[in-house]
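This report goes through one protein structure, from single residues to the whole chain. Please keep the sequence and the 3D view open while reading.

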Amino acid sequence: MVLKRLLSTGFIVGTLAGTMFAQQRLPVQYVNTLQGTNSTHELTRGNTYPTTALPFGMHTWTAQTGRNGDGWKYQYAKNTIRGFQQAHQCSSWTNDYAVFSLMPVVDNLVVNEDDRAAVFRHEKEIARPDYYRVALENGITAEMAPTERGVHQRFSFPEGHKSFLVLDGYTGLSGVEIHPAENAITGYVNNGRGFKKGWKSFFVIRFDHPFVAYGTWENRTGSISEGNRNAEGEGKGAYIRFADGVKVQAKVASSYISPEQAIRNLERELGASRTLEQTREKAANVWNDHLSRILVEGGSEADKATFYSCFFRASLFARKFYELDKDGNPCYFSPYDGTVHKGYLFTDTGFWDTFRAQFPLNALLHPTMHGRYVSALLDAQEQCGWLPSWSFPNEQGSMIGNHAISLLADAWAKGLHTFDPVRALEAYDHEANHKGPWGPANGRDGYKEYNALGYVPYPRYREATAKTLEYAYDDFCGYYLAKAAGNKKYMDLFGSRMFNYKHVFEPSRGFMLGKDENGNWIRNFDPTEWGGPYTEGNAWHWIWSVFHDISGLKHLLGGDQLFTAKLDSVFSVPNTVKTGTYGGLIHEMTEMVMADMGQYAHGNQPIQHMVYLYNYAGEPWKTQYHAREVMKRLYNASENGYPGDEDQGQTSSWYVLSALGLYSVTPGTNEYVIGSPLFKKITIKLENGKQFVIEASHNSEKNVYINRALLNGRNYTKNFITYQDIIKGGRLSFDMSERPNKHRGLDKNDQPFSVSTGK
């Protein structure tokens, strides 16, 4: 019976050979956290770092190859490590906050970050979610295992050599206090941008060996104060000397609330673990439970490694920003108003990226957490006066659009009714009709002109056409939420604006163009030219950003045949780049050229849904082909694993959903559009205890086309499936073929949602 149960889980496979069985790898063992780390400013393969963390953990930990304050905190091509740091960074372009690092040093005390850097080789590096280990060339071995708000570290020094540990206070204000009698250091850091006055990240570090010597130092000049126990100011740090050749453990935890809460976090998360192995085992169990929510069978080992590595990346953001008080109740320090509140808060994500796939994936796999998340959006709005658009950890206002309404409408459509929809609509109404002080996406850039003209004029506003398209989609989300709530006032208000995308379509050229306030179209138009009226892309990328009304877009382009011909052209036209207002190549351009897929630029978000649009126009087999091509050609589990920035889980979530054979073209509705599943069998373990199984018989690298589909044993021709059908549990069965079935999924009722048709 035990053997039968193990076999049914997929964790033990093989045939009897005497008394020996082969054990299949657990999901966490497939994950390579070095995926996407071979990045530079000029070319990004993910812009990731080897994150050691628990799912959605408040803090993560990583090895640090970059200098303090450098957004590229870990680059695969570098060969020295200068620290092991507490991290939160969701983009190399935004640096980090609440950072400090620990670095073991051998023989002589060296505090300067450049001078203390130790050479390492990737052959001596293990990088997994539950465990990071590196053997440095100087004989020191460093190890880490994570908790949600801390880390368990171990530093093994070579025998007979002096053993130092340096705490670096990073780039801003910091304070340290050394407690020799308790083998501990406490302190705080305050680094990052735009925080409320008095914001601090408090930390506590406990060691299992006594101190032989200690002192403080300052990282601006490298000055050392031997024997000093306290220091506070810019870049203050500490150092400790242990007995020679020691193997020392450090338990670390942090809090945004208070030093006492940091100790509470340490005791709760690390107090019961005597060894790093115990912490690692707990972390591995958490990750295996988390990653086992999707069990995949029948693909190659390489495909499984890519899938679970992407699933890992899709499980880091948005980050839990709440802590548990002495009674176990959630509470948090608000980065918006600078006070402590009861309840849940999440942060560190940019909605311009993540509304597309990362949050629709969360809604499917983690509905309780996601319900808390969208409810907390309204708490954040109450605390700072604005809905978040890019929280890091407070509102940064980066990129474009007002996509908090997408998350709210999407959650409501999927049955996650954890908030007051009228309160959400009122918050969005304020967002859509005002401009805030923090960046273009804090409030609405150009809202007056958008409301009066029906579009944002260019060149009066940079990226104006892209903003028009995303505002129209957001207004649809406001309309759709108002419709679900039965609120006619907001239905009328936002419903009158959701078709504004039509005002920037120029029919003679067949693209969305820049248009000035007098109605004049941009001159010298070239669809391969980046920037100007577009955000990080060109006209080939932005024509498709009508997520909510593909039927309306088809009509503008001349109907189904001309629409699919335009889709085909994205892949067939040359991958020419005109740098436009950027004045030079940016990494997104380089990545598109390297992909060699015409003007398809998967390394950035605007076009990532485009391959799924054939489902709306009678050629779903082309979606099936292109989705599999993108997965095969542009992703892998190596340091070169992504075609551009990973972007807080969005690029990974695209892969995870696509590997399931699904994608969320229109967040704000309850539909997932069907593509081509990567594996022969996929079991989704739903939070409600049910299972949804996706089977793809005869699936292979060549057999990418859906010949026939059954939903719970009944013929299924639709090119989409609803959230409600999935969470009921059941079985979606595909018969895959090497040749496309050009007769399936062609009926109008088989097409996914478009607001202009109600289908």
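## Gly215 in strand 16

Gly215 is found in strand 16, which covers residues 213-218. The model described here is a predicted one. Gly215 has a relative accessible area of 0%, so it is buried.

Not counting residues up to four places away in sequence, Gly215 touches Ile178, Ser225, Glu226, Gly227, Asn228, Ala238 and Tyr239. One of these, Ile178, is 37 residues from Gly215 along the chain, and the C-alpha atoms of the two are separated by 7.9 Å.

## Two loop residues: Thr52 and Glu148

Thr52 sits in the loop that runs between helix 2 (27-30) and strand 3 (60-64). Its relative accessible area is 1%, which is under the 20% limit, so Thr52 is buried. Once the neighbours within four places in sequence are left aside, the contacts of Thr52 are Thr60, Trp61, Arg128, Pro129, Tyr131, Tyr132, Met144, Ala145 and Pro146.

Glu148 is in another part of the chain, in the loop between strand 10 (141-146) and strand 11 (150-156). With neighbours within four places in sequence left aside, Glu148 is in contact with Leu54, Pro55, Gly57, Met58, His59, Glu269 and Lys320. Between Glu148 and Lys435 there are 36 Å in space, C-alpha to C-alpha, and the two are 287 residues apart in sequence.

## Helix 10

Helix 10 spans residues 404-413, and 9 of its 10 residues are buried, so the helix is largely enclosed by the rest of the structure. The buried residues are Ala404, Ile405, Ser406, Leu407, Leu408, Ala409, Asp410, Ala411 and Trp412.

What do the buried residues of helix 10 pack against? Their partners are helix 7 (351-354), helix 8 (358-365), helix 9 (367-384), helix 11 (421-432) and helix 13 (464-485). Just after helix 10 comes Gly415, with a positive phi of about 90°.

## Helix 20 and its surroundings

In helix 20, 11 of the 11 residues are buried, so this helix too is largely enclosed by the rest of the structure. The residues concerned are Gln650, Thr651, Ser652, Ser653, Trp654, Tyr655, Val656, Leu657, Ser658, Ala659 and Leu660. Gly661, just after helix 20, takes a positive phi of about 90°.

Thr306 belongs to helix 6, residues 301-313. Thr306 has a relative accessible area of 5% and is therefore buried. Apart from its neighbours within four places in sequence, Thr306 is in contact with Gln35, Tyr635, Asn636, Ala637 and Tyr655. Two of these residues, Tyr635 and Tyr655, return in the next section.

## Aromatic rings

A pair of aromatic rings is described by how far apart the centres are and by the angle between the planes. With ring centres within 6.5 Å as the limit, the structure has 45 aromatic pairs. In one of them, the rings of Tyr635 and Tyr655 have centres 4.8 Å apart and planes at 45°, so this pair is tilted. The two residues are 20 apart and link distant parts of the chain: Tyr635 is in the loop between helix 19 (620-634) and helix 20 (650-660), while Tyr655 is in helix 20. Tyr635 counts as buried because its relative accessibility is 4%. Tyr655 is buried as well, with a relative accessible area of 1%.

Elsewhere, Tyr322, Tyr344, Phe346, Phe351, Phe359 and Tyr373 make up one aromatic cluster.

## The chain as a whole

The chain contains 21 helices and 38 strands. Its C-alpha atoms fill a box of roughly 80 × 75 × 50 Å along the principal axes. What radius of gyration does the chain have? The value is 26 Å, and a compact globule of 759 residues would have one near 27 Å, so the two agree.

Of the 759 residues, 63% are buried. Among contacts between residues at least 6 apart in sequence, 69% join residues at least 24 apart. The chain exposes about 26,400 Å², and carbon and sulfur atoms supply 48% of that area. There are 79 positive and 80 negative charges, and their mean positions lie 4 Å apart.

Terms used. Residues numbered from 1 in each chain as written. Predicted model: local features only at pLDDT ≥ 70, side-chain atom pairs only at ≥ 80, totals over all residues. Heavy atoms only, no water. Helix = DSSP H or I, 4+ residues; strand = E, 2+ residues; numbered from the N terminus. Rg over C-alpha atoms; globule rule 2.2 N^0.38 Å. Buried < 20%, exposed > 50% of the residue type's maximum accessible area, 1.4 Å probe, protein only. Contact = heavy atoms within 4.5 Å. Areas by Shrake-Rupley, 256 points an atom, 1.4 Å probe, with all protein chains shown as cover. Lys, Arg positive; Asp, Glu negative; His and termini not counted. Charge placed at Lys NZ, Arg CZ, Asp CG, Glu CD. Phe/Tyr/Trp six-rings, centres within 6.5 Å; stacked < 30°, edge-to-face > 60°.
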